[in-house]
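Please look through the sequence and the 3D structure below before reading on. The briefing that follows takes up a polar contact, and then moves on to strands, sheets, cores and some backbone details.

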Amino acid sequence: MIDQATGMKPGERYRVENVERAHQFPGFFQDGKYYLGPELLTAVGWLEGTQFIYDSLDAEGEPVFPNREAGIIEGLTLTLVDGTALGLCRVEASETLANFDASTSGTNDGALGDSYPIKGPLRGKVVVITGASSGIGRAAAHAFACKGARLVLAARDEEALFDVLDECTDCGTDAIAIMTDVTRNDHVQALAEQAAEFGHGRIDIWINNAGVGAVGNFEETPLEAHEQVIQTDLIGYLRGAYVALPFFKAQGSGILINTLSLGSWVAQPYAAAYSASKFGLRGLTEALRGELTGYPNIHVCDIYPAVMDTPGFRDGGNYTGHTLTPPSPVYDPEMVAKAMVACAISPRAHTTVGAAARIAHLASYLIPRLPLLSGKLTRWGINRSTVAAASSGNLFEPPSGRRGIDGGWRKSKDKTPLLIGAAALGILLGITLTRSRRRDR
């Protein structure tokens, strides 16, 4: 019997028909519940009468819809809370087997693993990721592979790069690995050409992510180390944009995603070149947006992560004379990968990942002398660390240590991020109230 309100029959499956707007709804409805996959183990949404409750979180850990109320389903039409109307259509039994369960047959036409949909806005998209051999780049490669994107993986470390390639192709997606040094014009140009050849003339998404760092007193850090950081973290991004944008303009669409940092708002003492690069990237991306106003389907997206648990602190250049440890709180790099996927599906200019990054952004406006405070805290932290020899790390060649996504800095069930975040928020609120009262006098 058909439900007179929703238009759906018991026991039947229904999917969102408007695929171009269905990125948030890749699964199906059945018997008043919404599932992401055919295994029917966990429902991520349900109907309360005709009201559709979507209990899922975005890349920042927030509900996709406020109060989890996605919209209303009436007469096989899902009307979202913003007024967008999406049609629902019944999934035939043969289509269910061919599409939802194809991953069990060993074909590449199905989902990349049981929990991922076959159809979706990223399936078949050509995605270039620089710095894909470890950390955020490696996490991003996994995330896009699981969405069915066709990957072009780029990094200097050929051995680690091919490890990532194997990990991604094991999911069932197409991918190629291209050894690339983003400090070289010819390498980046060749990367774009090979990516376009792989994509039959198209490049849909370009992710500038390769990065290095050098920590130490400004004048005690070799000039070539400063130059290498800027060549990689700033000019490397410029090179990526320079080769990607002509393809975007020719095809009339494309998404450029840049990995910035909370250091793009708050200067990092003892990492002057890194700060110069990250502040410079804000200017670069804003300038590009200004030039692209005539191309509504070309987007430039900035990702601002907090401190992430990657091998970067272990592998980077260290001229402090002490061991380096990332300051708490430290977050999971897969959060950034999810944010990149979210931007690739629904582009947005700015995305902040991690509560500490949001607090740092706010603090950059509320505390004028914040860099001085940061310098004192950084100096205190460095001097308390054990003595270590100076090292250029991965500045000029790939590191010799284990490559992976995580750096091993996080502790299980560590409540430090929460506590520090709450304390910092309290301090900022106190400063804001104090300044407000002073203005009122």
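In this predicted model, the side chain of Gln30 makes a polar contact with the side chain of Arg13, at 3.0 Å. Gln30 lies in strand β2, and it counts as buried because its relative accessibility is 14%, which falls under the 20% limit for that class. Arg13, its partner in this contact, belongs to strand β1, where it is buried as well.

**Strand β1 and its two neighbours**

- Strand β1 covers residues 13-16 and is covered on both of its faces, with Arg13 and Arg15 buried on one side and Tyr14 and Val16 buried on the other.
- This division fits a general pattern, in that the side chains of a regular strand alternate between the two faces of the sheet.
- On β2, which covers residues 28-30, β1 finds an antiparallel partner, and 2 bridges hold the pairing; here Tyr14 stands opposite Phe29.
- Strand β8, residues 85-90, also runs antiparallel to β1, and 3 bridges join the two.
- Within β8, Cys89 is the bridge partner of Arg15, while Leu88 stands opposite Val16.

**The barrel**

- How do the strands β1 to β8 close up, and in what order? The 8 strands form a barrel in the order β1-β2-β3-β4-β5-β6-β7-β8, with antiparallel pairing.
- From one strand of this barrel to the next, the twist averages 30°.

**The open sheet**

- A further set of 7 strands forms an open sheet, in which the order is β11-β10-β9-β12-β14-β15-β17 and the pairing is parallel.
- The edges of this sheet are β11 (175-179) and β17, each of which pairs on one side only.
- Neighbouring strands in the open sheet are turned against each other by 15° on average, if direction is ignored.
- Helix α3, made of residues 158-169, packs on this sheet and touches β10 (150-155) and β11, and the direction of the helix makes about 175° with that of β11.
- Inside the sheet, β14 and β15 are paired in the parallel sense over 6 bridges, and Ile257 stands opposite Cys301 in β15.

**Helix α8**

- Helix α8 runs over residues 334-345, and its 12 residues reach 17 Å from the first C-alpha to the last, which is close to the 16 Å expected at 1.5 Å a residue.
- The buried residues of this helix are Val336, Ala337, Ala339, Met340, Val341, Cys343 and Ala344.
- Which elements do the buried residues of α8 pack against? They pack against α2 (135-145) and against the strands β12 (205-208), β14 (254-259), β15 (298-305) and β17 (350-353).

**The nonpolar cores**

- The largest nonpolar core holds 80 residues, and those with the most contacts inside it are Ile129, Phe144, Leu151, Leu153, Trp206 and Ile257.
- Helix α8 gives the most to this core, with 7 residues.
- When neighbours within four places in sequence are left aside, Ile129 is in contact with Gly137, Ala140, Ala141, Phe144, Leu151, Val152, Leu153, Ala154 and Ile207.
- Another core, of 17 residues, lies apart from the largest one, and Tyr34, Phe52, Leu78 and Leu86 are among its members.

**Backbone details in loops**

- As a general background, most residues other than glycine have a negative phi, and most peptide bonds are trans.
- Leu76, found in the loop between β6 (69-74) and β7 (77-80), has a positive phi near 60° although this residue is not a glycine.
- Is Leu76 buried, exposed or partly exposed? At 25% relative accessibility Leu76 counts as partly exposed, because the class of partly exposed residues lies between the buried limit of 20% and the exposed limit of 50%.
- Tyr270, in the loop between β14 and α6 (272-291), likewise is not a glycine and has a positive phi, of about 70°.
- Tyr270 has a relative accessibility of 17%, and therefore this residue counts as buried.
- The peptide bond from Ser328 to Pro329 is cis, with omega near 0°, and Pro329 has its place in the loop between β16 (317-318) and α8.

Notes:
Residues numbered from 1 in each chain as written. Heavy atoms only, no water. Buried < 20%, exposed > 50% of the residue type's maximum accessible area, 1.4 Å probe, protein only. Helix = DSSP H or I, 4+ residues; strand = E, 2+ residues; numbered from the N terminus. Pairing = 2+ DSSP bridges. Expected span 1.5 Å × (residues − 1). Contact = heavy atoms within 4.5 Å. Polar contact = N/O pair within 3.5 Å; in protein donor to acceptor, adjacent residues only side chain to side chain. Axes fitted to C-alpha atoms, helices over the stretch in contact; angles between N-to-C directions. Core = buried A, V, L, I, M, F, W, Y, C linked by side-chain atoms within 4.5 Å.
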